Amino acid sequence: MKNSLLLASLLAVLAAGCSTTDINDPMGLNAPFPELESRTGDGSEVDLIGSSQGKELNQSALDELAAAAELADRSVYFDYDSFAIKSDFEGVISNHATFINKHDAAVVVYGNADYRGSHEYNLALGQKRAVAVKQALEALGVNGSAIETISFGEEHANQTCTGSTCGQDRRADIGYVGE
Amino acid sequence: MKQSFWKCFFLIWLVCISNASHALEVIEILGGKASQIPVAVIPFKDNNAQKSMQLMHEVITNDLNRSGLFSSIDISGVSDYPIDEREVNFSNWAALQSQFIVVGKIDAIGRSNSQMQVTWSLIDIYKEKTVLSVAIKGQPSQYRVIAHRIADTIYEKLTGSKGVFDTNIAFVKKLGKEKYSLFIADYDGHNPRAIVNSRYSIISPRWSPNGKKIAYVSFEKKKPVIYVQDIETGKRTLLANFRGNNSAPAWSPDSKKLAIVLTYSANSQIYTIDADGKNIKQLMRTRSINTEPAWSPNGKEIYFSSDRAGSAQIYKVDVDTNEVVRVTFEGNNNVSPSLSPDGKLLLFLNQDNGSYRVAIQNLLSNQMLKLTNGPDDESPIFSPNGHMVLFTYKDYGKVSKIGTVSINGLKMTPIDVGSETILESTWGPLSD
């Protein structure tokens with residue numbers, strides 16, 4: 001249940017003693033509105049993905065990532081219209097949190113949705129899934145500034161899925177800058 | 001013309017029509033076909049010997065039929081093709097129950113007969129008189145545009161509202177595994193031309209109300225970003241590439257600003273930004289999804305979808321006070337809002353039992369009407385006169401197509417743009 005995960009995350013943040021988020025305001029709703037970096041122009045901008053804090057994986061980290069069986073699984077799957085992280089996936093998140101912390105890695109979480117519904121709403125739903133995984137990683141001590149969230153919505157989904165085959169598309173994937 | 005046709009009937013969710021020359025508001029429906037004007041469009045006499053001209057009457061007929069306000073009379077058994085009032089046998093046409101007929105002729109004119117002139121008339125059969133008689137000139141290659149303009153003139157004369165038959169639509173096609181294109185075409189799908197080609201998805205194309213630019217979301221930077229492209233020159237600028245996702249561009253009615261959705265601060269939130277990329281302003285900040293902004297025609301409110309109540313519903317926010325009011329209450333969820341040009345109807349997708357369908361809601365009475373059946377109808381947008389809705393749907397083969405449905409619900413007509421799958425579509429404004 002999302003509530004127990006949220007409670008666990010608050011406790012973990014307290015226990016870890018390191019936090020970039022205010023525990024009373026975990027989503028930063030009351031933070032001063034940050035200066036947004038506006039990028040206008042004709043495609044010459046630097047891609048902002050992965051420009052967070054956190055380091056690009058070096059070769060030995062990449063080798064370790066490739067070799068580790070427990071890191072092969074990158075995906076967290078969700079129920080229809082949901083962004084709640086099911087207990088089945090706590091292991092995936094935990095394994096990656098360990099690796100991320102070890103290497104101070106810069107991470108991108110990609111959110112996805114199945115094709116049903118509008119493209120824009122699915123983009124927002126995919127985003128919520130990516131944010132849920134980010135928050136779960138933060139609860140395990142990962143620095144939030146090292147995690148970027150991007151949504152593809154339904155743009156990578158199987159447009160002809162039916163019933164249970166659509167479950168593949170309702171997912172968030174953990175990616176590393178440098179791979 | 002029958003005055004009674006324009007009187008307001010009792011249908012609860014619709015607004016009365018004024019008999020003034022101002023734009024028609026909403027057409028009522030009662031008893032289905034009883035409210036369609038029967039019209040016969042006769043092949044124009046072609047003194048020009050250019051075969052394409054012979055199709056003009058078909059273009060006009062298809063336009064009028066598509067609107068849902070006209071029913072075309074079958075003229076296959078008719079051998080009499082009058083070109084003006086003097087040649088019309090009124091009692092024959094009355095017997096076919098055609099209230100109006102459209103007749104005309106095409107002559108070659110100009111230097112070496114390279115131009116053509118179409119002289120046409122709209123004739124009232126019951127009153128036995130000509131309502132309109134017009135001459136139009138053009139190149140033979142422009143026969144479709146001329147036919148659309150004739151249909152517009154007929155439409156405006158008989159309904160009081162501008163016709164949309166000479167407008168454009170835009171749509172995104174997936175042509176292959178890494179091949180997407182944004183096309184602009186005539187509203188009926190003819191003359192498509194690609195204005196953007198990409199290996200990555202393009203969504204949310206939106207025409208500026210002044211007709212000059214089109215905004216869209218592209219995934220070519222491996223994340224969603226918003227471009228604004230000048231339609232005439234093809235030049236584009238990157239409107240928004242903030243950290244996170246940038247999507248859902250919606251032009252303000254005066255084309256000076258856009259509402260957009262950013263995920264800079266975690267979940268999707270709505271902002272406004274000047275068309276030159278300056279002056280960004282956040283409209284709300286909640287823990288929920290807030291997306292799909294759509295301006296009211298008076299520019300004072302922005303409608304949007306949000307899951308703040310647990311499932312996706314449609315709300316509106318006052319642009320000045322930031323006050324939020326919920327607007328939809330029926331069905332499992334409601335997304336993709338937009339407003340009719342007169343601001344009186346909300347257009348959206350209603351999900352019920354897993355099926356997504358196009359629906360409209362009268363914003364005064366809050367009565368809802370489903371216009372289509374689903375199950376995978378998406379991307380609804382009004383025509384510029386508010387009388388039709390363009391939308392995408394999946395046919396049995398599961399490939400997405402586009403079509404229109406009239407807001408009186410009587411007429412759903414596909415638009416043929418080929419067999420590749422359509423992602424999203426939109427309608428351009430009336431040209432001045």
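Q: In chain B, what share of the contacts between residues at least 6 apart in sequence join residues at least 24 apart?
A: In this predicted model, 43% of those contacts in chain B join residues at least 24 apart.

Q: And what's the figure for chain A?
A: For chain A, counting contacts between residues at least 6 apart in sequence, 79% join residues at least 24 apart.

Q: Which helices and strands does each chain have?
A: Chain B has 3 helices and 30 strands, while chain A has 4 helices and 4 strands, which follow the pattern α-α-β-α-β-α-β-β along the sequence.

Q: Back to chain B, why does its radius of gyration agree with a compact globule?
A: A compact globule of 432 residues would have a radius of gyration near 22 Å, and chain B has 23 Å, so the two agree; along the principal axes, its C-alpha atoms fill a box of roughly 70 × 55 × 40 Å.

Q: Is strand β20 of chain B mostly covered or mostly open?
A: Strand β20(B), residues 313–318, is mostly covered, with 5 of its 6 residues buried.

Q: Which strands pair with it?
A: β20(B) pairs in the antiparallel sense with β19(B), residues 301–306, over 6 bridges, and, also in the antiparallel sense, with β21(B), residues 324–326, over 3 bridges.

Q: What stands opposite B:Y315?
A: B:F304 stands opposite B:Y315, and in β21(B) the bridge partner of B:Y315 is B:R326.

Q: Where do positive phi values turn up in those hairpins?
A: In the hairpin of β19(B) and β20(B), with 6 residues between the strands, B:G310 in the turn has a positive phi of about 110°, whereas in the hairpin of β20(B) and β21(B), with 5 residues between the strands, B:N322 takes a positive phi near 65°.

Key. Residues are numbered from 1 along each chain as its sequence is written. Chains are lettered from A and ligands numbered from 1 in the order in which they are written. This is a predicted model: local features need pLDDT of at least 70, side-chain atom pairs count only at pLDDT 80 or more; totals for chains, interfaces and linings use all residues. Helices (H or I, at least four residues) and strands (E, at least two) are DSSP runs, numbered from the N terminus. Two residues are in contact if their C-beta atoms, placed from the backbone, lie within 7 Å. The radius of gyration is taken over C-alpha atoms; the globule rule is 2.2 Å times the number of residues to the power 0.38. A residue is buried if 20 or more other C-beta atoms lie within 10 Å of its own, exposed if 12 or fewer, and partly exposed in between; C-beta atoms are placed from the backbone. Two strands pair if DSSP finds at least two bridges between them.
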